[in-house]
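Let's take a friendly walk through a protein together. Have a look at the sequence and the 3D view, and then follow along.

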Amino acid sequence: MAIRDASSKAERADGPSAGVPLRFGIDLGGSKIEIIALDSAGQERLRRRVATPQGDYQATLAAVAALVDEAERELGARGSVGVGTPGSISRATGLLRGSNSVCLNGQPIRRDLERVLDRAVRITNDANCFALSEATDGAGAGAEVVFGAILGTGVGAGIVVRGQVLDGPNAIAGEWGHNPLPWPRDDERPGRRCFCGQHGCIETFLAGPGIAADHAAHTGARLPAPDIVAAAALGDAACNATLARYEERLARALAHLINILDPDVVVLGGGLSNIDRLYENVPRYWGDYVFSDRVDTRLVRHAYGDSSGVRGAAWLWNT
Ligand SMILES: [Zn+2]
């Protein structure tokens, strides 16, 4: 889902290859905009965040420009700018779509950011930034193919191959959360309705609300995912069973992905990635579904957590 135009003249003129010592990463979210500055060694030199102007596209552009301007004045150097944001930019139109900050949808945000920042900007989906951060110097560092999946209030993912975000003509590479849960059991069909319009998407099972809904369906008890995880750790049998179902479903969903992509590493992020037992139990299950006599793919927890989005945005300028 990398969103860039390799023919951009400004990109050739202003990239790190032209001797720029700093990489700025911007995480443009619905509630906050965060900036980070990485030096050439990947060390964090600065970090700031501001509230996202609500419902105001021009004010959002101005807020990003102000963050970059202030950071450059403070650090005394110009840098490259990479941006991670929900949604994706259509290759065909150049317009952002699918953002939860709806005022950004339908806007030529890359072009406008390049205008206000007076330089080339690389911009991609925030899940791609997570995967790129972890593949560059995080939990997947050194691996050739990294699949980074965020398991949170939704399910997102990105694919990094040899240090580069995998692009695609539809700008949707990694949108695994809206495939159906593979090898479904009878009681998993058709599955809950997903906001995308389908039923039984992986996201409806593997996002936090999916665990809560599954637990309620089996027990009648309405508990949020963190409470289920905490109770399971204390030995609650019903919550343990809910987590076991979750692990087995995650194993199936990842096995399906492994059969297609065969990544070296799967890195998990998002709130649910902090469930310790996943890393032991999921690989125990996925061998039943992967078409191989052994599975050498590693399942690992993120190294940078919530910082991965903004770090990955900075690393969009890694070449
Ligand atoms: Zn869906």
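**A guided walk, from a loop to the sheet and its helices**

Let's begin in the loop between α8 and β11, where you will find D262. Keep in mind as you look that this is a predicted model. The phi angle of D262 is near 50°, a positive value in a residue other than glycine. That is worth a pause, because most residues other than glycine have a negative phi, and most peptide bonds are trans. Is D262 buried or exposed? Its relative accessible area is 55%, and anything over 50% counts as exposed, so D262 is exposed.

Another loop, the one between β10 and α5 (202-206), holds W183. W183 is not a glycine, yet its phi is positive, at about 45°. With a relative accessible area of 36%, W183 is partly exposed. The loop between β10 and α5 is also home to P190. Here the backbone has a cis peptide bond, which joins R189 to P190 with an omega of about -5°.

Now turn to the sheet. In what order do the strands of the open sheet stand? Following the five strands across, you meet β10-β9-β8-β11-β12, and their pairing is mixed. The edges belong to β10 (164-165) and β12 (298-301); each has a single partner strand, so one side of each has no neighbour in the sheet. As background, strands of a sheet pair through backbone hydrogen bonds, either parallel or antiparallel. Strands β8 (residues 145-151) and β9 (residues 155-161) run antiparallel, and seven bridges join them. If you would like one pair to find on screen, look for V146, which stands opposite V160 in β9.

Helices lie against this sheet too. Helix α8 (residues 237-261) packs on the sheet and touches β8, β9, β11 and β12, with its direction making about 150° with that of β8. Helix α4 (residues 126-137) lies across β8, β9, β10 and β11 (265-269), and α4 runs at about 45° to β9.

Each of these two helices also has a helix packed against it. Two packed helices are described by the angle between their axes and the distance between the axes. For helix α7 (residues 225-233) and α8, the axes come within 8 Å and cross at roughly 115°. The two helices are therefore roughly perpendicular to each other, and α7 passes α8 in a left-handed crossing. Which residues make the contact? On the α7 side they are I228, V229, A231 and A232, while α8 contributes C239, N240, T242 and L243.

The other pair is α4 with helix α10 (residues 308-315), whose axes are 7 Å apart and make an angle of about 75°. So α4 and α10 are also roughly perpendicular to each other. Among the α4 residues that meet α10 are C129, F130 and L132, and the α10 residues there include R311 and W315.

To finish, let's look at the cysteines. A disulfide is a covalent bond between the sulfur atoms of two cysteines. How many disulfides does a search of the whole structure find? The search finds zero. C103, for example, is in no disulfide: the nearest cysteine sulfur, that of C129, is 19 Å away. As for C196, its relative accessibility is 36%, so C196 counts as partly exposed.

Key. Residues numbered from 1 in each chain as written. Predicted model: local features only at pLDDT ≥ 70, side-chain atom pairs only at ≥ 80, totals over all residues. Heavy atoms only, no water. Disulfide = S-S within 2.5 Å. Buried < 20%, exposed > 50% of the residue type's maximum accessible area, 1.4 Å probe, protein only. Pairing = 2+ DSSP bridges. Helix = DSSP H or I, 4+ residues; strand = E, 2+ residues; numbered from the N terminus. Contact = heavy atoms within 4.5 Å. Axes fitted to C-alpha atoms, helices over the stretch in contact; angles between N-to-C directions. Parallel < 35°, antiparallel > 145°, perpendicular 65-115°, else oblique. Left-handed = near helix turned anticlockwise from the far one by under 90°.
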